[in-house]
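Here are a few notes to read alongside the structure. Keep the picture open and look for each item as we go.

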Amino acid sequence: MRIGELSAQTGVSVRLLRYYEEQGLLTAGRTAGGQRVYDAGAPRTVRRIRAFLGAGLPTRVIREILDCVCGSEAEVEPCLTPVLLGRLREIEERIEDLQGSRASLTGILAATRG
């Protein structure tokens, strides 16, 4: 299928599909005229990429784990559990940092109003 068809099937813009290709997340063949051609599994790959991006994973991590995805869009092999748990811990730490920043800012604003 061509890039426009893939875009229509997945709801992902052509520009973003090209970006996924640049990041090594998606591969395309080329026609004699140089147009991108994707295999029948490309829509599933794009849905998997979107699921992982939605979970907050950066493209560098997605590139590393994408080949270990099985079953549904976000189902992964058990060997990836440590990678994903590590990422979850990072996110939880960022949330804690942001909550601390919010509390500090709220305190500052309360003092200036008071």
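What radius of gyration does the chain have, and what would a compact globule of 114 residues have?

1. Let's begin with the overall form, bearing in mind that this is a predicted model. The radius of gyration of the chain is 20 Å, whereas a compact globule of 114 residues would come out near 13 Å. Turn the C-alpha trace along its principal axes and you'll find that it spans about 70 × 35 × 20 Å.

2. Next, the parts list. You should be able to pick out 5 helices and 2 strands. Starting at the N terminus, the order of the elements is α-α-β-β-α-α-α, so try tracing that with your finger on the screen.

3. Now for the surface. About 7500 Å² of the chain is exposed, and carbon and sulfur atoms supply 53% of that area. As for the inside, 22% of the 114 residues count as buried.

4. What about contacts between distant parts of the sequence? Take the contacts between residues at least 6 apart in sequence: 43% of them join residues at least 24 apart.

5. A quick word on charge. There are 16 positive side chains and 14 negative ones in the chain. The centres of these two sets lie 7 Å apart.

6. Zoom in on Arg87, which you'll find in helix α5, residues 81-113. Is Arg87 buried or exposed? Its relative accessible area is 13%, and buried means under 20%, so Arg87 counts as buried. The side chain of Arg87 also has a partner: it makes a polar contact with the side chain of Glu90, at 2.8 Å. Setting aside neighbours within four places in sequence, Arg87 is in contact with Gly56, Leu57, Pro58 and Arg94.

7. Then have a look at Thr59, which sits in helix α4, residues 59-65. Why does Thr59 count as buried? The relative accessible area of Thr59 is 15%, and the cut-off for buried is under 20%, so Thr59 falls on the buried side. Which side chain does the side chain of Thr59 make a polar contact with? The partner is the side chain of Gln23, at 3.4 Å. Not counting residues up to four places away in sequence, Thr59 touches Tyr19, Gln23, Leu25 and Leu53.

8. One last thing to try: show Arg87 together with Gly56, Leu57 and Pro58, which are among its contacts. Then do likewise for Thr59 with Tyr19 and Leu53, two of the residues that Thr59 touches.

Notes. Residues are numbered from 1 along each chain as its sequence is written. This is a predicted model: local features need pLDDT of at least 70, side-chain atom pairs count only at pLDDT 80 or more; totals for chains, interfaces and linings use all residues. Side-chain values use heavy atoms; hydrogens and water are left out. Helices (H or I, at least four residues) and strands (E, at least two) are DSSP runs, numbered from the N terminus. Buried means under 20% relative accessible area, exposed over 50%, partly exposed in between (1.4 Å probe, protein chains only). A polar contact is a pair of N or O atoms within 3.5 Å; within protein, one must be able to donate a hydrogen and the other to accept it, and residues adjacent in sequence count only if both atoms are side-chain atoms. Contact means heavy atoms within 4.5 Å. The radius of gyration is taken over C-alpha atoms; the globule rule is 2.2 Å times the number of residues to the power 0.38. Accessible areas come from the Shrake-Rupley method with a 1.4 Å probe; for residues, only the protein chains shown count as cover. Lys and Arg count as positive and Asp and Glu as negative; His and the chain ends are not counted. The place of a charge is taken as NZ of Lys, CZ of Arg, CG of Asp or CD of Glu.
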